[in-house]
Amino acid sequence: MQGYGSKEVANLLGISTARLARWVRNGWVEPTFSEEGEPRFSFRDVVLLRRAKQLLDQRVQPSRVKAALDALRRRLPNDTPLSAVPIRLWGGRLVASDASGPWEPESGQSLFRFADEVEPVPPAGAIRSLPETSGPVEKTEDDLSADEWFELGADLESFAADQARDAYRRCLELDPEHGEARMALGRLALDRGRLDGAEAHFRIAHLLAPTDPVASFHLGLALEALEREEEARGFFEAAVRTDPRFEDAYVALARVQERLSDRKGALRTLSELRRLRDETE
């Protein structure tokens, strides 16, 4: 059976298994259960519980969090996961944002009048609402699209890198040319010192988007870490040519130029960077 066990989820959230079990009993999420009666949690369960814990960490009463989750269940279509709608604390109130705009789950009150104060658009990394189906059938992980797997990975990356990596890999199984997933896997590999893997992912991302300065820059970083400075310099130069305002690329280019004993080139690059910063001040 797919999914994550109680110990794994508790460790990811930094809570005890007893507390997690209490949340399940209280209906915060509805995991599936193995033949032995052990709960199994999906990616979206983890994302939703993480958001609930963030509210608790902001000293929102558990009863208010539970009431907000219940309100979301009543309002959302059956095929839309609760994790698709962000909830945040704003001015002492819990505010949810969906396609219709911001609203207050505890009262059901629309907050359109506060449109200038409350951002109605879900933050980056939030899971998109799933498309409507012909019946009230809840989508499973096997039904997720490549983009939905990518968004799950992006939402998990800051607190569960291994699970994020798995989500990105599922994304690539469905769409091997998903450049953003390639970039994300490259960054995770680079962070862990898996330099060959990072280079492989970044090189594919660069092949998919050869004029993308970010792809060029990250491939340069991987090559630099592999001590292949001459190759790295070429990709940093490409990033600067494509985006003359890419400050990090200037810094990286000057760094490898120094290592290659190209002091004049490094000084010229730093001079261009200073001019760019002066223009933006």
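**R228 and its partner**

I began with R228, which counts as partly exposed at 28% relative accessibility. This is a predicted model, and I read every entry here with that in mind. I looked for the partner of R228 and found E199: the two form a salt bridge, with the closest N and O atoms 3.0 Å apart. E199 sits in helix α8 (residues 195–208), whereas R228 belongs to the loop between α9 (213–225) and α10 (229–242), so the bridge ties together parts that are 29 residues apart in sequence. I then checked E199 itself, and it counts as buried at 12% relative accessibility. I set the cut-off beside that value: buried means under 20%, so E199 falls on the buried side, while R228 at 28% does not.

The pair is not on its own. I followed the shared partners and arrived at one network of salt bridges that joins E199, R203, R228 and E231.

**E227, in the same stretch of my notes**

I stayed in the loop between α9 and α10, where E227 is found. What caught my eye was its phi, which is positive at about 65 degrees although E227 is not a glycine. Is E227 buried or exposed? I looked it up: E227 counts as exposed, at 64% relative accessibility.

**R233 and D262**

Next I took helix α10, which holds R233. The side chain of R233 meets that of D262 in a salt bridge, 3.3 Å from N to O. D262 lies in the loop between α11 (247–259) and α12 (263–280), and the pair links distant parts of the chain, 29 residues apart. I noted the accessibility of both partners: R233 counts as buried at 16%, and D262 is partly exposed with a relative accessible area of 22%.

**S261**

The loop between α11 and α12 also contains S261. I read its phi as near 65 degrees, again a positive value in a residue other than glycine. S261 is exposed, with a relative accessible area of 60%.

**A249**

I moved into helix α11 to see A249. I found 0% relative accessibility there, so A249 counts as buried. Which residues touch A249, once its neighbours within four places in sequence are left aside? I found F217, F236, A239 and V240 in contact with A249. I also looked at G220, which is 29 residues from A249 in sequence, with a C-alpha to C-alpha distance of 9.1 Å.

**D70 and K66**

For a bridge inside a single helix I turned to α4 (residues 62–75), where D70 and K66 both lie, four residues apart, about one turn of the helix. They form a salt bridge, and the closest N and O atoms are 2.6 Å apart. Both ends are partly exposed: D70 has a relative accessible area of 23%, and K66 has 21%. I wrote down the total as well, since I kept meeting these pairs: the structure holds 14 salt bridges.

**Helix α3: D45 and the packing on α5**

I looked up D45, which lies in helix α3. D45 is buried, with a relative accessible area of 13%. Beyond its neighbours within four places in sequence, I found D45 in contact with V29, P31 and R40.

Then I asked how α3 packs. Two packed helices are described by the angle between their axes and the distance between the axes. Helix α3 (residues 43–57) packs with helix α5 (residues 146–156) at an angle of about 35 degrees, and their axes are 10 Å apart. I noted the crossing of α3 and α5 as left-handed. On the α3 side the contact is made by F43, R44, V46, V47, R50 and R51, and on the α5 side by W149, L152, D155 and L156. I sorted the residues of this contact into six nonpolar, four charged and no polar.

**Whole-protein numbers**

I closed the page with the overall figures. I have twelve helices and six strands down for the protein. Of its 281 residues, 45% count as buried. The protein exposes about 14900 Å², and carbon and sulfur atoms supply 48% of that. For contacts between residues at least 6 apart in sequence, I noted that 53% join residues at least 24 apart.

Conventions
Residues are numbered from 1 along each chain as its sequence is written. This is a predicted model: local features need pLDDT of at least 70, side-chain atom pairs count only at pLDDT 80 or more; totals for chains, interfaces and linings use all residues. Side-chain values use heavy atoms; hydrogens and water are left out. Helices (H or I, at least four residues) and strands (E, at least two) are DSSP runs, numbered from the N terminus. Buried means under 20% relative accessible area, exposed over 50%, partly exposed in between (1.4 Å probe, protein chains only). Contact means heavy atoms within 4.5 Å. Accessible areas come from the Shrake-Rupley method with a 1.4 Å probe; for residues, only the protein chains shown count as cover. Axes are lines fitted to C-alpha atoms, for helices over the stretch in contact, and angles run from 0 to 180 degrees between N-to-C directions. A crossing is left-handed if the near helix is turned anticlockwise from the far one by less than a right angle, and right-handed if clockwise. Ala, Val, Leu, Ile, Met, Phe, Trp, Tyr, Cys and Pro count as nonpolar, Asp, Glu, Lys and Arg as charged, and the others, Gly among them, as polar. A salt bridge is a side-chain nitrogen of Lys or Arg within 4 Å of a carboxyl oxygen of Asp or Glu.
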